[in-house]
Amino acid sequence: MKYLGEDMKRRVYVITLIMIVAIMCLLSGCGGSDKSGSAASTSNAASGSEAQSEANQPSEANDAKQENDEDNENVGEADAQAASVKIKIIADGKTQEVEVSEGTVEDALKSAAVTIGKDDIVSPDLKSKLSKGVEIVVTRVTFEEAEETVEVAYETEYVPDDTIYEGSSYYVQTGINGETVNKYRITYHDGNEVAREIVSTSEKVLTQNEIIAYGTLVYVAPEEGSGDYSSEGSSGSGEEEPEICVPNDDNWD
């Protein structure tokens, strides 16, 4: 009987343990089911919210893009208005008003299709910055070579001759005008001559000076009744008084 009581005790102990474990498992299973249900509900709600958010995102993105494009367009227009200036260009006898972006005078001329030669003058300078209302003037510069024949008048030289009487004269040499050829480099601004520079000179016809000899011999009248005629530096008798020839324009032709 003693062993039978101990055996029963063990059985009751085991059964009690089994019941406790079963109750714990049962309690644990119910709690897990509730939690699973709650988790599933939460997950479904989150999924719905995410789906709604994803559905709204394209519309919100499009609105934001449109606003950004409008802002960029407004900024671009404002920058374009601020960067453009109205200027006046005077070239080749014409005046044109153009609206160009800010830059240099050279940029403005290129945008207006105005070409510049290597000798042309531009005011203001090509590298000058543009400003509102500026007036750009282009002066066309051209050059020309030319020749000109210039007459050089001869001069008259007088030489003494003691073999003829005073007041007499004669031509030793006839005068001839000469000719000189000058070569010029002519500068034009917009077709108008502004400078003429001699680059070379050559003598085409040599100038020959006129030479006239004039007498220096002094005539001395003879004393009355002596019949002698004399002159300074000479003497004689029976000689006639020489004719005195005074130079005039007829002799010089």
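What follows is a friendly conversation about how some features of this predicted model get their labels.

User: Let's start with the sheet. What makes β5, β8 and β9 an open sheet, and which strands stand at the edges?

Analyst: The 3 strands are ordered β5-β8-β9, with antiparallel pairing. β5 (141–152) and β9 (192–205) each have a single partner strand, so one side of each is left without a neighbour in the sheet. From one strand to the next, the twist averages 20°.

User: How do you know that β5 and β8 are paired?

Analyst: Pairing asks for at least two bridges between the strands. Here 12 bridges join β5 to β8 (residues 178–189), and the two run antiparallel. As one example of the register, V152 stands opposite G178 in β8.

User: Is there a side-chain link between those strands too, and why would K183 and E147 be called a salt bridge?

Analyst: The cut-off is 4 Å between a side-chain nitrogen of Lys or Arg and a carboxyl oxygen of Asp or Glu. For K183 and E147, the closest N and O atoms are 3.7 Å apart, and the pair is a salt bridge. K183 sits in strand β8 and E147 in strand β5, 36 residues apart, and the pair links distant parts of the chain.

User: How exposed are K183 and E147?

Analyst: Exposed means over 50% relative accessible area, and partly exposed runs from there down to 20%. K183 has 38% relative accessibility and therefore counts as partly exposed. E147, at 56%, counts as exposed.

User: What other salt bridges can you show me, and how many are there in the whole structure?

Analyst: The search of the whole structure finds 7. One of them joins the side chains of E106 and K110, at 4.0 Å from N to O. These two are 4 residues apart in helix α2 (residues 105–111), which means about one helical turn separates them. E106 is partly exposed at 24% relative accessibility, whereas K110 is exposed at 60%.

User: What makes K127 a partner of E106 as well?

Analyst: Their side chains meet at 2.9 Å, N to O, in a salt bridge. K127 lies in the loop between β3 (121–123) and β4 (135–139) while E106 is in helix α2, so this pair ties together parts that are 21 residues apart in sequence. K127 counts as exposed, with 59% relative accessibility.

User: Which residues are linked in a network of salt bridges?

Analyst: D92, D120 and R140 are linked that way.

User: What about a charged residue without a salt bridge? How do you know that E210 has none?

Analyst: The nearest side chain of opposite charge, K204, is 23 Å away from E210. Set against the 4 Å cut-off, that leaves buried E210 without a salt bridge. The side chain of E210 does make a polar contact with the side chain of T156, at 2.8 Å, and the cut-off for such a contact is 3.5 Å. E210 itself is found in strand β10 (residues 210–217).

User: Why are Y165 and Y219 called an edge-to-face pair?

Analyst: Two cut-offs are needed: ring centres within 6.5 Å, and planes over 60 degrees apart for edge-to-face. Y165 and Y219 have 5.9 Å centre to centre and 80° between the planes, and the label edge-to-face fits. Y165 lies in strand β6 (residues 156–165) and Y219 in strand β11 (residues 219–220), so the pair ties together parts that are 54 residues apart in sequence. Y219 is partly exposed at 23% relative accessibility. The count for the structure comes to 1 aromatic pair.

User: Now the backbone. What makes the bond between S123 and P124 a cis peptide bond?

Analyst: The omega angle of the bond joining S123 and P124 is about 0°. P124 is placed in the loop between β3 and β4.

User: And what is notable about phi at D92 and D190?

Analyst: D92 has a positive phi of about 55° although it is not a glycine. D92 lies in the loop between β1 (84–91) and β2 (94–101). For D190, phi is near 55°, again positive in a residue other than glycine. D190 is in the loop between β8 and β9, and at 46% relative accessibility it counts as partly exposed.

Conventions
Residues are numbered from 1 along each chain as its sequence is written. This is a predicted model: local features need pLDDT of at least 70, side-chain atom pairs count only at pLDDT 80 or more; totals for chains, interfaces and linings use all residues. Side-chain values use heavy atoms; hydrogens and water are left out. Axes are lines fitted to C-alpha atoms, for helices over the stretch in contact, and angles run from 0 to 180 degrees between N-to-C directions. Buried means under 20% relative accessible area, exposed over 50%, partly exposed in between (1.4 Å probe, protein chains only). Lys and Arg count as positive and Asp and Glu as negative; His and the chain ends are not counted. A polar contact is a pair of N or O atoms within 3.5 Å; within protein, one must be able to donate a hydrogen and the other to accept it, and residues adjacent in sequence count only if both atoms are side-chain atoms. Rings of Phe, Tyr and Trp (its six-membered ring) pair if their centres lie within 6.5 Å; planes under 30 degrees apart count as stacked, over 60 as edge-to-face and the rest as tilted.
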